[in-house]
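Biologist: Before we talk about empty spaces and packing, could you put the model up so that we can both look at it?

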Amino acid sequence: MARSSYLFTSESVSEGHPDKVCDRISDEIVDLVFREAKKSGMDPAQVRIACETLATTNRVIIAGEVRVPATLLKKGKDGNILLDAAGHPVVNPAKFKSTARKAIKAIGYEQSGFHWKTCRIDVLLHGQSADIAQGVDETGNKDVGAGDQGIMFGYASRETPELLPAPIYYAHKILETLTHARKNGDANARKLGPDAKSQVTVKYENGQPVGVTQIVVSTQHLDESLTSEDVRSIIEPYVRSALPEGWIDADTVWHVNPTGKFVVGGPDGDAGLTGRKIIVDTYGGAAPHGGGAFSGKDPTKVDRSAAYAARYLAKNVVAAGLADRATIQLSYAIGVAKPLSIYVDLHGTGKVEEGKLEDVLGRVFDLSPRGIRTHLDLNKPIYAKTSAYGHFGRKPGRDGSFSWEKTDLVPALKAAVKAA
């Protein structure tokens, strides 16, 4: 029997955390490729990109495999696209470097050890493997296949209005609030730096979140004279505003910059890599994770698109009143269009049989890579804003971003369950 009273902790990291700087650059490059594809007339469904970023002291390295429009390729003196020794088109690094610098500037790094204007940027992107392409691309009667094998999970819970677990939702919200204050707040808030981490321990009673017992915030500060107590006095009002009223009481324990001074931050303090914060990106440890990262990948990569689809299905199951909690697993093989399996766990809260729901989900939503991209409208530049503060529990945008957070499948889902 599941426990109803317990403590659960999740963490988040800010947009200036070294790994999140890399996620941001990788996703800005995905968006760049989609924008250039549209401008050049290239079919966005043909875009292929798997972009990894490494950042350290005044150094950024961008690597990976791409299929991009000609506007992003290098031309020789004769006007033809240059090819490398392997026959791959050679990427022109200029726009990729410019995109990375703009991302670093937007985050706020203008420090001697990491500055958007002076850091060295190397672009090592090259053409996609023909072996992978033949499995993924549509040919003849073959539908678009999954970009890789793997397992993906989606989760939803009724414990917050966004149907996201409370610990990760509020860990994100604390840092979003602090980031907004750093960029737009008073003089004291502007003393904070881009790099920050949060962690909240949430108390559950009868299965519902009721308060926080521990709050951890470590935030970079630009004024070396600030003590941990000084930093707490700056951030505490923002932290309190991010949490529900009454969740902080006299027994709540605060840990603010517990190691003391935090002046050197970002990639200058700790090297960053794309895809190293997958639990922060998803459910904060409250649900399983298949292991694949999201940032830097176009939506033929089911690590990304099928994880979005699984969240979409789980959220709609809960929003439809079919369960209070739902975990959904999808699995794929490279080059194969249809999922190999669909698994549903309603954690004892379901109003419908799980096996029945597994059959229904596969009928109301085409879970092939093409079907996911089409239904959720993923072939567009919507990814940079996913790179910090979670890919889930966010408000769908007018630009099509976070479409997987919509609950527009509820009517079809209810009808299919009733008819089954």
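Biologist: Which residues line the largest cavity?

Modeller: In this predicted model, the lining of the largest cavity is made up of I151, M152, F153, T282, P288, H289, G290, G291, G292, F294, D303 and A307. The elements that give two or more residues to this lining are β7 (150-157) and α7 (302-319), and the largest share, 3 residues, comes from β7.

Biologist: What makes this space a cavity, and how many such spaces are there in the whole structure?

Modeller: The space is called a cavity because a 1.4 Å probe fits there but cannot get out. A search of the whole structure finds 2 cavities of 30 Å³ or more, and the largest has a volume of about 80 Å³.

Biologist: Why are 5 residues of that lining counted as polar?

Modeller: By class, the lining of the largest cavity has 6 nonpolar, 5 polar and 1 charged residues. Gly counts as polar under the rule used here, and therefore G290, G291 and G292 are among the polar ones. Asp counts as charged, so D303 belongs to the charged class.

Biologist: What lines the second largest cavity?

Modeller: The second largest cavity, with a volume of about 60 Å³, is lined by S14, L175, L178, T179, R182, L192, G193, P194, A196 and T219. Both α4 (166-184) and β8 (192-205) supply at least two residues of this lining, which by class has 5 nonpolar, 4 polar and 1 charged residues. Arg counts as charged, so R182 belongs to the charged class.

Biologist: Why is a set of residues called a nonpolar core, and which members touch the most others in the largest one?

Modeller: The name applies because the members are buried residues of listed nonpolar types, joined through side-chain atoms within 4.5 Å. The largest nonpolar core has 111 residues, of which I62, V317 and L357 touch the most other members, and the largest share of this core, 11 residues, comes from α7. In soluble globular proteins, nonpolar side chains tend to be buried together.

Biologist: Which residues does V317 touch, leaving aside residues up to four places away in sequence?

Modeller: With those left out, V317 touches L322, A323, A326, I328, L346, L357, L361 and L413. These count as contacts because heavy atoms lie within 4.5 Å.

Biologist: Where does V364 lie, and what does V364 touch?

Modeller: V364 lies in helix α8 (residues 354-364) and, not counting residues up to four places away in sequence, touches L409, A412, L413 and A416. V364 and L192 are 48 Å apart in space, C-alpha to C-alpha, and 172 residues apart in sequence.

Definitions and conventions
Residues are numbered from 1 along each chain as its sequence is written. This is a predicted model: local features need pLDDT of at least 70, side-chain atom pairs count only at pLDDT 80 or more; totals for chains, interfaces and linings use all residues. Side-chain values use heavy atoms; hydrogens and water are left out. Helices (H or I, at least four residues) and strands (E, at least two) are DSSP runs, numbered from the N terminus. On a 1 Å grid over the protein atoms alone, a cavity is a set of points where a 1.4 Å probe fits but cannot get out, and a pocket is an open set with protein on both sides within 12 Å along at least five of seven lines; lining residues have an atom within 4 Å of a point. Grid points are joined across faces, edges and corners, and a volume is the space filled by probe spheres set on the points. Buried means under 20% relative accessible area, exposed over 50%, partly exposed in between (1.4 Å probe, protein chains only).
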